[in-house]
4 protein chains.
Amino acid sequence: MNPQVRRVVNRLPRHRRERDILDAATAIFSDQGYEFASMAEIAARAGIVEGTIYKYFDNKRDLLLHVMARWYEAMLANYSEHLSGVKGTRERLRYVIWRHLAFIAANPALCRVFFREIRTGDDYHGSPLNELNRRYTRFIIDVLQEGIDAGEFRPDLPLPLVRDIVYGTIEHHVWCFLSGKGEIAPDAIANSLCDLVFHGIANAVPVATPPALDDRLLAAVSRIEAAAHALEQQAAGREARP
Amino acid sequence: MNPQVRRVVNRLPRHRRERDILDAATAIFSDQGYEFASMAEIAARAGIVEGTIYKYFDNKRDLLLHVMARWYEAMLANYSEHLSGVKGTRERLRYVIWRHLAFIAANPALCRVFFREIRTGDDYHGSPLNELNRRYTRFIIDVLQEGIDAGEFRPDLPLPLVRDIVYGTIEHHVWCFLSGKGEIAPDAIANSLCDLVFHGIANAVPVATPPALDDRLLAAVSRIEAAAHALEQQAAGREARP
Amino acid sequence: MNPQVRRVVNRLPRHRRERDILDAATAIFSDQGYEFASMAEIAARAGIVEGTIYKYFDNKRDLLLHVMARWYEAMLANYSEHLSGVKGTRERLRYVIWRHLAFIAANPALCRVFFREIRTGDDYHGSPLNELNRRYTRFIIDVLQEGIDAGEFRPDLPLPLVRDIVYGTIEHHVWCFLSGKGEIAPDAIANSLCDLVFHGIANAVPVATPPALDDRLLAAVSRIEAAAHALEQQAAGREARP
Amino acid sequence: MNPQVRRVVNRLPRHRRERDILDAATAIFSDQGYEFASMAEIAARAGIVEGTIYKYFDNKRDLLLHVMARWYEAMLANYSEHLSGVKGTRERLRYVIWRHLAFIAANPALCRVFFREIRTGDDYHGSPLNELNRRYTRFIIDVLQEGIDAGEFRPDLPLPLVRDIVYGTIEHHVWCFLSGKGEIAPDAIANSLCDLVFHGIANAVPVATPPALDDRLLAAVSRIEAAAHALEQQAAGREARP
DNA sequence: GATGAATGAGAATTCATTCAT
DNA sequence: GATGAATGAATTCTCATTCAT
């Protein structure tokens, strides 16, 4: 009735409003998880009403997917830049592992949502997020390939399996932390895991040096010793004789 | 009206009815996942009314937990028996890996529910199922320890991390299969993974001896041999001359 | 199929819809009591679906509480205005009693719900309704205090107990009526109760003067009068004789 | 199968089993109230299964009614005996009030159930419990009648209203206590209430003595004084004259 | 007399989504 | 672009009561 009293309607540029919604959704999803987050709560936090969200996102799941995509893009930002500053195959692999752990340690809540809701979802395979994930894990594949090219890794390495070793192990290992129990030490785990990935669990058995070489070396040394001894004797005889 | 028409009530001994409910729940949870399974459907499949389920299980989640526990117990059955028939550390480790993969391949639906609903649940840590899982993963820990005792593995092996490598990698690796895309080949994966776990990804040279060194070493040895020969000749000549 | 067939959605301003729901709930609670009233029925009567009620009220109990609060506010409306028109302590007290009885007589169903569900509930103490009740019973406390100040009531009157006498007695007395048996006559009860509250049940003799005493006193007075008369005669006779 | 293993079935004499059930039900109803008590819990406490209860009582409400009846009978036991030991109308009334308060103070939980579930129930009027209640409140009616007969109370006392004053006031007054907030002091309340019931709230105004009597008495005294004075004067004159 | 497995009809409540304004 | 009132289907869980054994 009274225009004075009418609620002030905020008209924001589209991308600004979208960002607000994504920020709110990120916070709520982090706090409550996907299932227990309600659109009403997200809207309230974004300072709008529920209906408005649907002007920007198709539905709750679509909103989640956008939250995750934005987050993934942040993960990818300056990845190649940083990685290119690291030299040596081993150091580069360690960096990839460490960076993943450090990221998890810094964003446990969203990681958890990702692991629970996205990676295990029916619609993940072939989705844009899956594509982002592929770009993310591409770095380790590249590092491994470099290692193969440099002759540091065996050429028949099953790259996808090695990739799963790294990401699967980490996910499994940090779950307690993601559930709020215990802490993680990215550096220590990165070192341990990198080491194991490199050399495996077997004791370093010196199988590489062909035994023949050893024998030949030993035999040669024996012969040198014997010859040297003989020469010494001769020299001694000559000195004694004059 | 007609007493003949009255619903025939099936009275079953308690443990039999419980088994029926668990069977029905296992089937429905496998088919629809936990979230989309309804108690009504489970009851219908078990041939009872919904209320009866609640005489046996506290609530839907409790039912899921019991389904999973029964299933886990089946996983554990004759594990140690079978494992004890396998000799050699490497073969035993391979068996543990293979068996896990084979089990997943045989029960994809329930595995999926377990990964989605149980392992990532808030109440998993410290739960009876967690305890069963510990008993299950105990086998790999034991095998690793045997390897250490036998001197086959380095003594400072971080056992929990190695365990996570095996189970985390497998879980990550089979996810596509669990989502209904693609197949898995337990034997091949078991071999690959076991190999990687044993020796890592690095080329099989114990110390970082550059491959080129071999040749130079070989050359050096040859020269030493030659030198030795020369010395021998020298020594022999002098002795023969006087 | 036919868009014409689509349910017509009534959009009402918030406070109007709220009023409709409260009206419907008041009617249903009055008819069936709290326990046997169903949200579905209330919604149907309000011309909406069940879910809509929950946009306005947290739950069934919250709805009941709001129904009661609105009703209490009606009880309080123009109370002080009317009361201020009544003069004399006794008349004012009688008005308070009568008004309460009249209100009960006019709203038996809701009174019943209030007595059964609210006043005896665990959450009543300290609730907003308790506060409203305090405002309502404040009037009698004030009237009593005025009586004390005017010297009509003894100064050490235990006000809360007197208040309980009035409201407790009424509640007890009208229960039959509230249960649908019998009728009540507010005027008659108000008079009786007011009288009893004023003077108690003891016979209206300030000290325990036996009724018989009056007559004896009267007789004594008569004899004294007679004696006085005799004395007067005597005195007069002697003066006249000398 | 194995008769050794078969559950031991307790066969108890009927009235003993009935007592056990009533005991259990009394405890559970006191703890949880009628609504939240479950037959299963009562059965468990009585050491039997739910079905057995229905051999002794028709349904849950019937059980409640029997619990209450047994309890009421305990209230009635030795009532008249004790009351007959108290002499004097006022003392007897005070005893009735005090006894009711003391009983409430000793059995708050069951009293609460009675007030909430029984007295306000639809089926109370005319029920056996109502009859027991009538027997219970008969005592106060009798005491009041005695007072009337003895001339201590006015003959037109509305007995039912006075009864409601006593029981209604008490019920209202103790509700806080029954809800677990606060305490009650039976002696103090009994005194206060008894006093108010006796004399009401009005200040003792000496209205009973007819003013005429006063005037006549005063007048008579004046006349006696005057006559006495006159006679004294005469006597003095005679003494002085001889 | 006692058992105890089974019933079965509800009831409250939730919340993503729509769409007239 | 934003509102926000309204939808409405779907679901879990309860528990007094029955009755074949």
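The following is a conversation about a predicted model of protein chains with DNA strands.

Biologist: What does the secondary structure of chain A come to?
Modeller: In this predicted model, chain A has eleven helices and zero strands. Along the sequence, the pattern is α-α-α-α-α-α-α-α-α-α-α.

Biologist: And how many residues are in chain A, and what percentage of them is buried?
Modeller: Chain A has 242 residues, of which 31% are buried.

Biologist: What about contacts in chain A, between residues at least 6 apart in sequence?
Modeller: Of those contacts, 65% link residues at least 24 apart.

Biologist: Turning to the DNA, which residues are closest to strand E?
Modeller: DNA strand E is surrounded by 43 residues, and the closest are A:Asn59, B:Gly51, C:Gly51, C:Asn59 and D:Gly51.

Biologist: Which elements give two or more residues to that surface?
Modeller: In chain A they are helix H2 (39-46) and helix H3 (50-56), and chain C likewise gives helix H2 (39-46) and helix H3 (50-56). Chains B and D each give helix H1 (14-36) and helix H3 (50-56).

Biologist: How do the residues near strand E divide into nonpolar, polar and charged?
Modeller: There are 14 nonpolar, twelve polar and 17 charged residues on the surface near DNA strand E.

Biologist: Now strand F: how many residues surround it, and which are the closest?
Modeller: 43 residues surround DNA strand F, with A:Gly51, B:Gly51, C:Gly51, D:Gly51 and D:Asn59 as the closest.

Biologist: Which elements give two or more residues there?
Modeller: Near DNA strand F, chains A and C each give helix H1 (14-36) and H3, while chains B and D each give helix H2 (39-46) and H3.

Biologist: And how do the residues near strand F divide?
Modeller: The surface near DNA strand F has 17 charged, 14 nonpolar and twelve polar residues.

Methods:
Residues are numbered from 1 along each chain as its sequence is written. Chains are lettered from A and ligands numbered from 1 in the order in which they are written. This is a predicted model: local features need pLDDT of at least 70, side-chain atom pairs count only at pLDDT 80 or more; totals for chains, interfaces and linings use all residues. A residue is near a molecule or strand if its C-beta atom, placed from the backbone, lies within 6 Å of it. Helices (H or I, at least four residues) and strands (E, at least two) are DSSP runs, numbered from the N terminus. Ala, Val, Leu, Ile, Met, Phe, Trp, Tyr, Cys and Pro count as nonpolar, Asp, Glu, Lys and Arg as charged, and the others, Gly among them, as polar. A residue is buried if 20 or more other C-beta atoms lie within 10 Å of its own, exposed if 12 or fewer, and partly exposed in between; C-beta atoms are placed from the backbone. Two residues are in contact if their C-beta atoms, placed from the backbone, lie within 7 Å.
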